[in-house]
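Student: Please give me a close look at the aromatic rings in this protein, and at the turns of the chain that deserve a second glance. I am new to this, so please explain the terms as you go.

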Amino acid sequence: MRALKYALAASLLVAAPAAVAQQQLSIATGGTGGTYYPYGGGLAELIKEHVDGYDAVAEVTGASVENMGLVWRGDSDMALALADTVYQAYTGTGDFEDRQLENIRALASVYPNAVQIVTMADSGIESLADLEGKIVSVGAPGSGTELNARALLESNGISYDDFEARRLNFNETADAIRDGDIDAGFWSVGPPTSSIMNLATTRDIRLIGLSDEQVANAREEVPVFAPYELRADLYEGMEEPVQTIGIPNILATNAEMDEELAYQVTKTLFEHTDQLIAIHPAANDTTVKFSVDSTPIAFHPGALRYYEEQGVEIEDRQRP
């Protein structure tokens, strides 16, 4: 009997891991020098800790445009992406013309990005017009940064033909500015971002501001743009606030995601935001109000259930 008891105990020990096996979720983010990666990593930790039966991991990707394809194909379970990219994918417009991704759904809008245009303090570049004839990084290929840069420039009468465009990710852009290989670079990311912070500690930089007219022109081109002010002292040596444009970042998924899982992820995101803020200050904007005010596509039914429990008003266009 004792031997039988030990055998039974041993078999239970062997079986236990299978009984509590965690299903792993993947979160498509962006490059390591931006905000998506640490934010996505923080969300992955929240899921591991608070969503029973699930583990999660943040994946390094080319960011917004690539991420939409990853979610659409089911290669990633969730993805962070800029609102204009998500809207274009959902409606089959812009870069997604003739390839509409109808099965994309939103879990939340999590924080606003800010278009940040950085140059050396002594470069002589003080406005968008001064970029003409220069070497400029417009963001990684397929990134939301490049979509935003192109929309901002073209809405203000500047095309890629007016300067030499380089398509570099955030860390590459910062290194190229530091080394004098390029004159300026675009970031569309939640401020502050580590790659600009690191650059500002070793070089004197300038952030290029936008005029009211330039902001208005950009908003006419991309309705999800909004005025945004980069606060003074955001980066070392930045003594004055700088006006730019911002755009929401969306946590997107596939319509096929299990409704209960979508509910639990959304609930976890908003009820444990303090843990995300400790990882990146961009999460200070992760609120239910910001999400329902900013999301331009339909929510997943699981996320929608959470918002309705909070008593917030949902627009018809946000319902599947």
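Tutor: We will start with the whole chain, move in to the rings, and finish with a few loops. What you see is a predicted model, in which local features need pLDDT of at least 70 and side-chain atom pairs count only at pLDDT 80 or more, while totals for chains, interfaces and linings use all residues. Residues are numbered from 1 along each chain as its sequence is written, and side-chain values use heavy atoms, with hydrogens and water left out.

Let's get our bearings. The chain holds 12 helices and 10 strands (DSSP runs numbered from the N terminus: H or I of at least four residues for helices, E of at least two for strands). Turn the model around and you will find that the C-alpha trace spans about 85 × 45 × 35 Å along its principal axes. Of the 320 residues in the chain, 52% are buried (under 20% relative accessible area with a 1.4 Å probe and protein chains only; exposed is over 50%, and partly exposed lies in between).

Now for the rings themselves. Rings of Phe, Tyr and Trp (its six-membered ring) pair if their centres lie within 6.5 Å; planes under 30 degrees apart are stacked, over 60 edge-to-face, and the rest tilted. This rule gives 8 aromatic pairs. Take F270 and Y306 as our example: their ring centres are 6.0 Å apart and the planes meet at 5°, so this pair is stacked. F270 belongs to helix α9, residues 259–271, whereas Y306 belongs to helix α12, residues 301–309, so the pair ties together parts that lie 36 residues apart in sequence. Both F270 and Y306 are buried, so look for them with the surface switched off if you can. Zoom out a little, and you will see that F270 and Y306 are members of a cluster, in which ring pairs also link Y263, F299 and Y307.

Y263 has another neighbour to look for. R305 lies over the face of the Y263 ring, 4.0 Å from the ring centre. (A charge sits over a ring if NZ of Lys or CZ of Arg is within 6 Å of the ring centre and within 35 degrees of the ring normal.) You can find a second example at F96, where the charged end of R99 sits over the ring at 4.5 Å from its centre.

Next, the loops. In the loop between α4 and β4 (104–120) you will find D98. This residue, D98, has a positive phi of about 70° although it is not a glycine. With a relative accessibility of 77%, D98 counts as exposed. D233 likewise has a positive phi, about 70°, without being a glycine. Look for D233 in the loop between β9 (226–230) and β10 (242–254). D233 is exposed too, at 61% relative accessible area.

One last stop is the peptide bond between P191 and P192, which is cis, with omega of about -5°. P192 is found in the loop between β7 and α7 (194–202).

To go over the rings once more, begin with the stacked pair of F270 and Y306, follow the cluster to Y263, and end with R305 over the face of Y263.
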